[in-house]
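Hi everyone, thanks for making the time. I'd like to walk you through a structure, starting with one pair of side chains and working outwards from there. Here it is on the screen.

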Amino acid sequence: MKKIFLHPLTVRIWHWINAVSFIVLIITGLQIRYREIPNLTKFKTAVDIHNLFGFILVLDFVLWLVYYVFTGKIKIYVPLNPKKFFIGALKQARYYGYGLFIGEGNPHHSTPDDKFNPLQQSAYFMIMLVLMPLQLISGVLLWDIRMFAGWIELLGGLKIVDIVHVIVFFFLFAFLFVHVYLTTLGTTPLEHIKAMFTGYEEIEER
Amino acid sequence: MHKKDLRKAAGEKVLHTLSFLIFSITSAYCLVFPGLSGAQKLPVLENAGACMGCHASKDLAMVFKNKEKMSVFIAQGDFRKTAHGALSCTDCHQQVSLEAHPGRVVESRSVFAKESSGACRNCHSDSQLKAKANHAYVAEKTDAPLCTECHGAHNVMRIPQWKSSLRGKEYCLTCHRRNISKTFGSGEKLSLLIDPSNLASSAHNKHDCSDCHTEYTGDSHPVKTFAGGREHSIALSGICRKCHEGKFTLLKGSIHYNLSFQVGETLVSRGNPKAPVCTDCHGFHTVGPKAAYETVSGIPCRKCHEDIFRIYAKSVHGMARAKGEHKAPLCASCHFAHEINFTAMTDKIKGVCLGCHKGVEGLHKKWLPNTELHLSVIACAACHAPTSEKGIYLQLIDQKTGKPFTHGQILQLLGTTSEELSARLDTHGLGLDSYQLSYIIKQLNERGADAKVTYLGQMDVNKYSEAHQLSLKKNAIRECESCHSKGSKFFKRVTLAVIKTEGGMERYPVNPDVLTSIISTFSSRQFYVIGGTRIAFLDLAGIFVVFCGILLPIAHVTIRVFTAPLRKARKSEETGRGKSK
C-alpha cells in the first residue's frame, strides 16, 4: 500500500461545497415540487434557499471549470483514447459485477493524472460536462422566467425547460446514492471519504 | 269636524249666497236698466256684465264635492285679447242660466274641466281638429288631453299670436308638459311628458328642444313611427353624436356599441338586446352633469348589472365608496364610461388596478418570487377576491405576432362553422383532451401558413361578477401552496378562451388533465406551474430512476454480503501462498 496525493485543496473545497449544495438543493427541490411530502419549510422559504444554493452551485461549478481547464486537468474527465477506454470500461464493469465479489483487485489504480477508472470517467464526464451545465442553465432560466423569456422560448418553452431541470434532478439524485456507495469501495470503507478531506489516499501497489 | 273647518265651510256658504245675490241683483239691474250696464259699452260681452258682476272678484272660487277649490275669477281685460274675445260667456257656458247658477256642485275639478271642454266642440268641428296631423294624432287618442289642458280656458290665444309669444322649449312644453304619450307598433307606450324641472336640472338646460330635435320647429312637427322602444332609443341616441363625437368614437369600439348600434347602414341589435345606448344610461331629458354619475346612487350600470353591483357594494371598493371615500372606484373608474370593453384575457383591468395602486409591483417583489411573471399571468382579482372560484384560461397565440387568434380567424383557418367547431372540440362531452388540443394546433399550424401556435395560460376568476368582490389586502391569497401544489383547486377548471372579433369570449371547456398530461407538453408548453401542474408520467419516471439509484447499491451490498466467504477464502489462500513463498 502506498499513499498518494490525489485531491488538491481546490478540488476538495469544490467537492464539499458541491456536496452540501447538492443535498440542500435536493431537499428544497423536493419541497418545491412535492408539497404533499412532509413539509419541512414553507414553499417560499424552500424557493429562497433553493435559489441561494443554486447560485452557490453555479459559482462552485465555475470554480471547478476554471481550475480544471487552466491546470489542464480537465483531460481526466475526457476519454482521449477510445480503444483503451473501451477495454478499461469492460474490465472495470467486470470488476464491479464479478471481480469485487470474489476478491479480485481493482483493475484501475488512481494517480493524480488518471484519477478515474473508465466507468467513473464516463459517468463524471456526463455529470460534469453535460448534466451539470444543463441543470445549472435550466435552473438559472427558471429563477427569473421573465428576464430569460427569450432563452426559454428558444429552448422550447417554460414547460420544456422545467422538464429538463426535473429529469436531470432525478438522474443526479439517483446518482448520489451510487456515488456515496462507491466511496465505500476503497481499501477501507472510509478511505475515499478520508481522502476527500486530507487529499491523500492509500492505494494498492501494483 | 274641527271648529276651524266649520268656520271655513260657513264662510264659503256665505260667500256663495252673497255671490248669488250679487249675480241676481246685477242681472236684474242689467235687465231693468240696460242702457247703464257694461254690456251696452261692450257689445261683444252682451251679458258679461251680469257674469262679471261676480267673476270680476278675485276672491270668488268654486268648491267641488271633493273639496277641491278653483278660482272663477275672469280677467275681463285679458279675455278681450284672446281668440274668444268676441264671444259672450253663454256662447260657451250654454248651460248657465240666471235661474240655476251656480247650479249643481260638480264632483271634482277634472270632471268640471271635462264637461266644460265639451263646449269647444260647439264651434270646433272634427275636421278642424284633424286638420293638423299632430293635433289629429293627439285628438284621436282615447286618452287625449282635454282642450283646456293645452289651450287654456279663458286665455285661448290665436295660434300665430300664441307661437310668437313663446320662446324655445316653452313652445314645445305647451303640449309636452302634458301627460301625452305615444304607442309604438309593438304596443309599447312611450310617455311624451317632459318634466320642466328635469330639463332645468339637466346638463342640457341651456339648450332648446330643437338643438337636439332638429326636425321639430314651430312650423314642423313630423310624426315618426318606431317598431318599439328599443328602436326609438337607438335612433334618438344617434342625436347625441352631433355634439359628442369624441364620446361616440370611444363608444364605437366598445362592447355596448357592438351589441346594440348600427352595422353599416342598418340598425340591428346583436347579442344582448338590452345592451345600452346613450339614453339608456343618460336618460332622454334628464342628462345629468358628470358629477351626478360619480355617486353610488348615480351609477346607471346597475340598471342592467344589478347582480354585479350587489357584489361590488360589499367589496372593499364599494364599502369605501359608501363611506364617502371619493377615491374608491365606481364602475367607470375601472371599465371607463364609454369605451367599455371585454376585459377577460386582456391587461386592461390590471392596468387600471396598477394605475391607482402605484408601487404595487415593488410591494409584491418583497415577498413574491418572479413577481413580473406572477403579475402578468394572474389576474389581480384571482388573489384579491379570495373567495372567488378560479380557473385557468388557455389562449391560442400566434407566436409570430404574439397576438391571440380570434374566433373568426380560427373558423376561417379551419374552414368550419362555430357550431361545428364546438362539436369538434368536445366530442366526448368531457371537454377538450390532450389529443384534441394538440390536433387543433397541428391543424392551425398547417393551415395558417407558418404561424406558430401555442397556448398561453392565465389564472382568473371563473365568473367575472366575482372579480368585483375584492377584499382587504390582508385577506388576499398569498400562500404559494394555494397554487404550487398538486391537486390545487385552482387548476380544476380549465377553459380554452377565444376572443370574438365583435367582443365577448367563446369558451370551450378543457379537461383539466391536459395540464398534467405528457401529450400536451408541447401544445401547452408555455403554461407550467411548479408543483401545481406536474406531469404525472414524469413523476413516475423520476421515481423509477431514483429507485434504481437506491436499489443498485443495496443489490451490490447484498451480493457482497453473500459473497464474503468467497473473498475470505481467496484472501486466506493468497495469505497461505505468501507464507509458503
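Let's begin in chain A, where the side chains of E104(A) and R94(A) form a salt bridge, at 2.6 Å from N to O. The two residues are 10 apart and link distant parts of the chain. R94(A) sits in helix α3 of chain A, while E104(A) belongs to the loop between α3 (82–102) and α4 (118–143). As a quick reminder, side chains of opposite charge can pair when their charged atoms come close. Please keep in mind that this is a predicted model.

How many salt bridges does the structure hold over all chains? The total is 17, and 3 salt bridges are counted between chain B and chain A. One of those between the chains joins the side chains of R33(A) and D539(B), with 2.9 Å from N to O.

That takes us to the interface. Which parts of chain B supply at least two residues each to the side that touches chain A? Among the helices, α24 (371–377) and α29 (536–580) of chain B each do so. The biggest giver is α29(B), with 17 residues on that side. Sorted by class, the residues of chain B's side come to 21 nonpolar, 14 polar and 10 charged.

Now for both partners together. In terms of contact, 45 residues of chain B meet 39 residues of chain A. Between them the two chains bury about 3700 Å², and 65% of that lies on carbon and sulfur atoms. There are also 17 residue pairs in polar contact across the interface, counting pairs with both residues at pLDDT 80 or more.

Last stop, the empty space. The count is 1 cavity of 30 Å³ or more, and the largest cavity holds about 30 Å³ of space. Which residues line the largest cavity? They are V138(B), K141(B), D143(B), A144(B), P145(B), N179(B), I180(B) and S181(B). By class, that lining has 4 nonpolar, 2 polar and 2 charged residues.

Thanks for listening, and I'm happy to go back to any part on the screen.

Conventions:
Residues numbered from 1 in each chain as written. Chains lettered and ligands numbered in written order. Predicted model: local features only at pLDDT ≥ 70, side-chain atom pairs only at ≥ 80, totals over all residues. Heavy atoms only, no water. 1 Å grid on protein atoms, 1.4 Å probe; cavity = no way out; pocket = protein on both sides within 12 Å on 5 of 7 lines; lining within 4 Å. Points joined across faces, edges and corners; volume = space filled by probe spheres on them. Nonpolar A, V, L, I, M, F, W, Y, C, P; charged D, E, K, R; others polar. Contact = heavy atoms within 4.5 Å. Buried area = accessible area lost by both parts, 1.4 Å probe. Salt bridge = Lys/Arg side-chain N within 4 Å of Asp/Glu carboxyl O. Polar contact = N/O pair within 3.5 Å; in protein donor to acceptor, adjacent residues only side chain to side chain. Helix = DSSP H or I, 4+ residues; strand = E, 2+ residues; numbered from the N terminus.
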